[in-house]
Amino acid sequence: MKKNRNLEDYPFHIKMETRWRDLDAFGHVNNAVFATYIENARATLFEKWNLPYAGEGQSLILASMTIDYLKQLKHPTKFIIGQRISRIGNTSFDVESSMFTEEDKLSAIAKSKIVVVCFDFDKQKPIPVFKQVIEDSKL
């Protein structure tokens with residue numbers, strides 16, 4: 001992942017806000033919650049690409065996720081997750097994501113890379129990357 005991306009470097013954006021329940025004993029958003037935020041952002045791509053996420057037919061499956069925590073996230077905060085397709089393979093691709101507050105779109109709170117596999121749930125095997133993913137990787 002490139003170290004210093006800003007929100008403009010990501011073609012796909014989803015706005016979210018923290019919830020009281022996201023806090024831990026230290027008074028900031030718990031690190032495990034970041035994975036949920038990124039998962040929710042990833043679900044918008046499923047919808048954009050018109051892919052089911054019911055665990056049947058042809059869809060996507062997560063193979064790997066890394067998260068780098070760069071700053072604390074306090075509540076209440078409105079934030080934006082930017083996403084981009086950063087790599088296309090034969091049956092998998094990478095989604096790079098970064099979180100920014102609405103006030104600071106130049107300095108990320110956290111960044112993530114997920115490896116997604118195009119998958120046939122009925123046959124239980126990987127399949128070639130979907131055309132709509134390849135098209136969006138060019139943005």
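Hi everyone. Let me start with a definition: two strands pair if DSSP finds at least two bridges between them. Keep that in mind as we look at this predicted model.

On that basis, strand β1, residues 12-17, pairs with strand β3, residues 78-88, in the antiparallel sense, with 6 bridges. Phe-12, for example, has Gln-83 of β3 as its bridge partner. β3 also pairs with β4, again antiparallel, over 9 bridges, and here Gly-82 is matched with Ser-98 in β4. Those two strands, β3 and β4, make a hairpin with 3 residues between them.

Now let's step back to the whole chain. You'll find 2 helices and 6 strands, and from the N terminus the order is β-α-β-β-β-β-β-α. What about overall dimensions? The C-alpha trace spans about 45 × 30 × 20 Å along its principal axes. The radius of gyration is 15 Å, which agrees with the value near 14 Å for a compact globule of 139 residues. Of the contacts between residues at least 6 apart in sequence, 67% link residues at least 24 apart. Buried residues account for 43% of the chain, and the chain exposes about 7900 Å², with 49% of that from carbon and sulfur atoms.

Finally, let's zoom in on one residue, Ser-92, in strand β4, residues 92-101. Is Ser-92 buried or exposed? Its relative accessibility is 13%, so Ser-92 counts as buried, given that the cut-off is under 20%. Leaving out residues up to four places away in sequence, Ser-92 touches Arg-87, Val-115, Val-116, Val-117 and Val-129. With Arg-87 there is also a side-chain to side-chain polar contact of 2.9 Å.

Thanks for listening!

How values were computed:
Residues are numbered from 1 along each chain as its sequence is written. This is a predicted model: local features need pLDDT of at least 70, side-chain atom pairs count only at pLDDT 80 or more; totals for chains, interfaces and linings use all residues. Side-chain values use heavy atoms; hydrogens and water are left out. Helices (H or I, at least four residues) and strands (E, at least two) are DSSP runs, numbered from the N terminus. Buried means under 20% relative accessible area, exposed over 50%, partly exposed in between (1.4 Å probe, protein chains only). A polar contact is a pair of N or O atoms within 3.5 Å; within protein, one must be able to donate a hydrogen and the other to accept it, and residues adjacent in sequence count only if both atoms are side-chain atoms. Contact means heavy atoms within 4.5 Å. The radius of gyration is taken over C-alpha atoms; the globule rule is 2.2 Å times the number of residues to the power 0.38. Accessible areas come from the Shrake-Rupley method with a 1.4 Å probe; for residues, only the protein chains shown count as cover.
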